[in-house]
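Trainee: I am new to this structure and would be grateful for a close look at a single part. Please take me through the places where its parts touch.

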Amino acid sequence: MKLIRTLMAAATALAVTAFVAPTFAADDPGPAAYAQALKGKRVMLVPLAMGFDLAQGWAHYLKKEVEAWGGTFETRDPNWVVDAGAQAITDAISSDTRPDVLIIHAPDLNSYSKLMKKAQAAGTYVILVDNPANFPADAFVGSDWDRLGQLEAEAAIKGCGENSSKKIGLVQGDQANSSSLYQYAGIMKVLDKHPDFKVVAKPDSNWDATTSRNVTTTMLQQNPDICSIIDFWDGDATGASAAIRDAKLDGKVFLVTTGGGEKAADCDKLNDGTYGAVVMTDLARQSGDMNAIIKFLLQSGQPAGTSHTYIYTLEKATTKADLKPDSCWDLKALQAEAAAK
Amino acid sequence: MVGWLNFRGLNQEGIVFAIAVVLFVAAAIGLPGFIDPNNLVAIVRSVSVLGILALGMAVVIIGRGIDLSAVAIMAMSVAWYLQLLNTGTSDGLAFAYVLAGVLAIGLLNGFLVAYADVPAIFVTLATGSFVFGYVRSQLITQDAVPVPQGHWVELLGGLRFLDIPIEVFVFAGLAFLFFLFLRYTKWGRYIYFAGDNPVAARNIGIPVRPMLVLRYVLSAFVALIAGLLTAASLHSINTRVVNSTLLYDIVLVAVIGGIGLSGGRGGVRNVLVGAALIGILLNAMTIIDIPLLYQNLIKAAILLGAIIVDGIINPRDEQTAQQGDI
């Protein structure tokens, strides 16, 4: 009897719960908790500079989302000057309106490490974007540059083909920026597996288009039978492409580079044959990843510097053959959209 | 002084020229492909824009001044021009705006130095920052501004005579014009007097101040030409160049060739020698595939070496020092 009574009591309890449950569903605690955790929170982006496609794209997507959940979004523009960036971060940490999330585009492996530590100590979550650094940030969102280099090398090998000279030239960025160093490592990994392919020269452009043009001119002068050149950034690859054009080697040298997938910078140039392949970052998705991790961190309740997450953006080498209308995002359109508001 | 007569050919210009020749011969022997005519053209071309800017700088330095706004004017004027074109302004109007802007900045530089007596180094540092900041924040939307397709600037970049890029001819032409100006015109000669001793030059009736203004205007226009050539070759202009070491390279080319920062000395030949050394050096180091860090080190070491040797051969004393020498 006792057992039956217990069972009946349990059944009643269950029935009551089942009966009450629909009223709970109508009152989902999610939005309230979400709003409470996020409302009024400050997010600041400190890129290398605000004047180039990646930063403008990130800022666009982040702003849209942050403002939608009632936060404030700000940017700082160090204009490629490391000191100015450091100053911006220092000011941000010590100001009354200290950001709750700081998104940093690091210029090299070490420059901002101490500052980022300070920011975390003050309670600000630090997210590294695009360029890794020697610092355990709360999250890294960006490219796996080693993998990106591998994709570039594979594209170059494919672009050259089996019956080519198998000579590849590299136009590196510099010897300090992690994106350049890891990219190089990735390229070499693939080329080690293809011993018949040879790197004939690997000058630095210092990310400058004129320098890229000059070193590429010399490279092509010395090795006119180069079948592919990998330039480490679309920001200066215009120089390498000018050198190829001047040497009248258009169509003979397969130019590979990497960029943020902006229409004028990448897709238009794939279309007109300037670039053979571009390893493009899906900027909208990358920004989406940042938005997701910001929302997670702000709700997690964990102190800054507790966890370290790596969110690598899916990269793909795009050639003219697999260009689609949505392969690129259009900075002009974003600017027009912002101006229309 | 008589004892030094034997070394007269060995001033800094001579030393740098000698280093350039030695490097050239060594590279011609040691590096395959260096002596190839196409490579020699590439060398000249690689220093053409640098050399053009250095010509403008040289004229200012000879008049005992310095123009630190040259790179900002070069990049920003052309960036603004292209931005105007991209947003639909007619070519003639856009070019007129930019010409007026360049003229205004040159006049401002010259006026502040000549009439307000502010040291050139501060004036041009400030106007350079102003030009960059204003144009970057107010007039253009991005660091890199592309040349509209099919525009004459793009066609200019593809222009070749005898397979030699147009920059080389512009550099040569401007060098010749500057040579004629400095050597054979009255105002050209006056620049040396004004640079050597501005007070004395003024006392003998030379229009020192208007000439000063002219030099900064000249330098600004030369910068515009350099910018147009850069955009012509790359089909875009990237304003990031303002943050690069280009400005120091321009001063380096002028100074390494033997144009004293204290003014009154040097000429077009010094710029050519300086540009030749830098061109040969960079080309040879690129062929050998020396990393950029070491390239800068080697460049700096050679400059330092040239200055030290110059210091030993031409020691400073009361007779060679001038008033206001740096």
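Mentor: The account below turns to chain A and its contacts.

This is a predicted model, in which local features need pLDDT of at least 70 and side-chain atom pairs count only at pLDDT 80 or more, while totals for chains, interfaces and linings use all residues. Residues are numbered from 1 along each chain as its sequence is written, and chains are lettered from A and ligands numbered from 1 in the order in which they are written.

Chain A consists of domain 1 (33-144 + 283-314) and domain 2 (145-281), with bounds from an automatic or database domain assignment. Taken over C-alpha atoms, the centres of these two domains of chain A are 30 Å apart. Their contact involves 15 residues of domain 1 and 14 residues of domain 2; two residues are in contact if their C-beta atoms, placed from the backbone, lie within 7 Å.

On the side of domain 1 that touches domain 2, helix H3 (53-68) and helix H11 (283-300) of chain A supply at least two residues each. Helices are DSSP runs of H or I with at least four residues, numbered from the N terminus. H3(A) provides the largest share of that side, three residues.

Chain A also meets chain B, in a contact of 29 residues from chain A and 30 residues from chain B. Helix H8 (209-222) and helix H9 (234-246) of chain A each give two or more residues to chain A's side, and H8(A) gives the most, with nine residues.
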